[in-house]
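Thanks for passing this one over. Have the model open while you read my comments.

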Amino acid sequence: MTAIGIDYGTSNSEVVYFDGTAHQHIKLDPLDKKGNKIRSSVFIYFEDELPPPPDAMVEAKVAQLQRVISEQIDKAKDGYYSAKDPKEQAMYSDRIDSLRGDLHNKPALQRKAIAQLMHAMSLDEIPLLRLVEHGKFAFGEEGFRRFLKMPDKGRLIYSPKNFLGASLDGDQKQAFIGIIAKQLAYFKQCAEQQLGKAVNNAVIGRPVKFHGTRGEEGNAQAIQIMTEAATKAGFTGVNFLDEPIAAAYKIEQTLPRDTTTLIVDIGGGTTDICCIKLSPERSNQLDRKDDVLSVTGRRLGGMDCDKSLVLKAIAPEMGMGLKMINGLPVPPTYFSDMCAVDNIPALTRFFSDDYGLDISQTMSVIKEPAQLERLLIVQENKLSARVVNSARLAKELLSSKQNITLPLHYIEDDFDVEISQESLKKALKPWLDKVKALVVECLESSSEKPEVVMITGGMSLSPIVVDALYENLLTGLPRLENDAFNSVCEGLAIQAAKHA
C-alpha cells in the first residue's frame, strides 16, 4: 500500500513520497520550471454556453409565466363579456382557448423559461455548486493564465483552503468538497504516473486552526470537507497531521541527540507554532503525542501581508485617502473589498454593477478622479486577484532588494508604483506583532524551554520576519537551517510512510 504526503496550502500545494530512505517530489505543474509546487487556486470556466439553470429556478419561472397567462385569460374574459358583437365575442373566445392551451403546455413553458433565464443569466449569478458540477477545471499556472485571459468566462477560487473553516451552507460545503476532490484526484493521478504504482493513502497537513472565529466547530468542518474530498478523489485512507509537527519530523532526522525544538511555521494562510521533543531514536514511532509540549496557531499568513501591502503601498495610488467635496475620505471599504480574494460574498459584491456605479458616483465628487478610476478599472475587469498577486511578487522581491518598481500596466499604461523595503516593514508591523504574540503563547504553554528554533514556511525567507522574531524574543536560540518550502511536505511524507 503506497502513501503520500500532501501539503495542501493556502498559496501553493505540494506532494511528496518517502520510501523510507529518500524523498521523491511529485511534479504537479507542467508550466512551472520546477514543477514540484502548484498554485492552490482553481479556475472553473465555461468555453461555450453557461450551464442550464437549476430545476427549482426553472419551475419558479414557469409559475411566473403561468401567472401572466392567467392574468391575460382574465382580461380576455372581461373583453368577451363586455363585447356586444358576436364576431368580437368569437375573437375573445379563440383568444381564451389559445391562452388556456399555453397555460397547460408545460414543456413549452419550460423551454420558454429556460430561454429567458439563460438570456438574463450572468456567470456571477450562478451558484458555486452549479459551477463545480458543470464547469471545467484548470489548475496551477494554466488556470491562472486562463483567468487572466478570460475572467468573464469563469470564476477563480484564489485559495480554497481559506474557506474550509468558514460559515458555509450545505450547497457551499458540497461545492468545496467538489473543488478539493478535483485537486486531490489530480495530485493522486500525478503521483501514480510518476511512481508507477497505485496510491491509496495520504497524510494531509493541517493548520492548528483553519479559521480564526469558529474555533473547534470550524476545525471539525474543515477536516470533514477534506476527508470527504479525499474519499471522493479515490483515497481509501486519509490521516491529518499538524503542519508544524510535520516540519519537526523532517528536521528530526538531522539531529544528533534528543532536542527540545520550537517550530515556527509561517505559511501563506496560517501561522502555526509548536514546541516539541525531537529524538532520532523515536523518529519511527507513529504516535508522538507525548512529545508535543505545546502547539498553537492562527489564520495569519503571507496572504494577509499581501493584502496589507496593497492597502499601504498600492491603494493610495488608486484613490485611497482622497477627500470628497464634503470633506469625508473615499470609503476605505472600497479597497479592503478589492483585496477580498478569499471572501466570495465580499468579492461578488465588489464586482457587482451597483458597486461599480457607487465608485463612479464617488469619482464625480472628488478633485482627482483619475486615481480612483484605476480602482474602477480593477472592479470592472475583475482584476482583484491580479493586484494581490502583484503585491505578493513585490513582497518576495523586497526580501532581497531595498527598492523596487512594481509595474501595474494591466490597470493603466505606464502605471508603476515605487515600493521600498521600509514601506514593506511598516505594512508588516501589525501582522508581525500578532505572530510574535503567538510565539509567546506557545512558549508560555510549554513545560520546557526550547534549545533550538526552526523557522519555516514561505514567510521565513523574509529577513524582516526573521529579524523581528529574534529581536527580544528568540535571542540566543540557535536556528536550525531547513528548506522553507519543502520541510512540511517532506515531514508529511515521513509520517505517510509509517501508515503505508
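Below are a few notes on one sheet and one arginine.

1. Ground rules. This is a predicted model, where local features need pLDDT of at least 70 and side-chain atom pairs count only at pLDDT 80 or more, while totals for chains, interfaces and linings use all residues. Numbering starts from 1 along each chain as its sequence is written, and side-chain values use heavy atoms, with hydrogens and water left out.

2. The sheet. It is open, has three strands in the order 6-5-7, and pairs antiparallel (strands are DSSP E runs of at least two residues, helices H or I runs of at least four, numbered from the N terminus; pairing takes at least two bridges found by DSSP). Strand 6 and strand 7 are the edges, each pairing on one side only. Neighbouring strands are turned by 20° on average, direction ignored (axes are lines fitted to C-alpha atoms).

3. The helix on top. Helix 6 (residues 170-195) packs on this sheet and touches strands 5, 6 and 7 (contact is heavy atoms within 4.5 Å). Its direction makes about 55° with that of strand 6 (angles run from 0 to 180 degrees between N-to-C directions, with helix axes fitted over the stretch in contact).

4. Strand 5 (residues 42-45). Four bridges join strand 5 to strand 6 (residues 136-139), with Val 42 opposite Phe 139. Another four link strand 5 to strand 7 (residues 154-157), where Ile 44 has Arg 155 as its bridge partner. Val 42 and Ile 44 point one way, Phe 43 and Tyr 45 the other, and all are buried (under 20% relative accessible area; exposed is over 50%, partly exposed in between; 1.4 Å probe, protein chains only).

5. Arg 374. Look in helix 13 (residues 369-380) for this one. Arg 374 is buried, at 14% relative accessible area. Leaving aside residues up to four places away in sequence, Arg 374 touches Glu 317, Met 318, Ile 411, Glu 412 and Phe 415.
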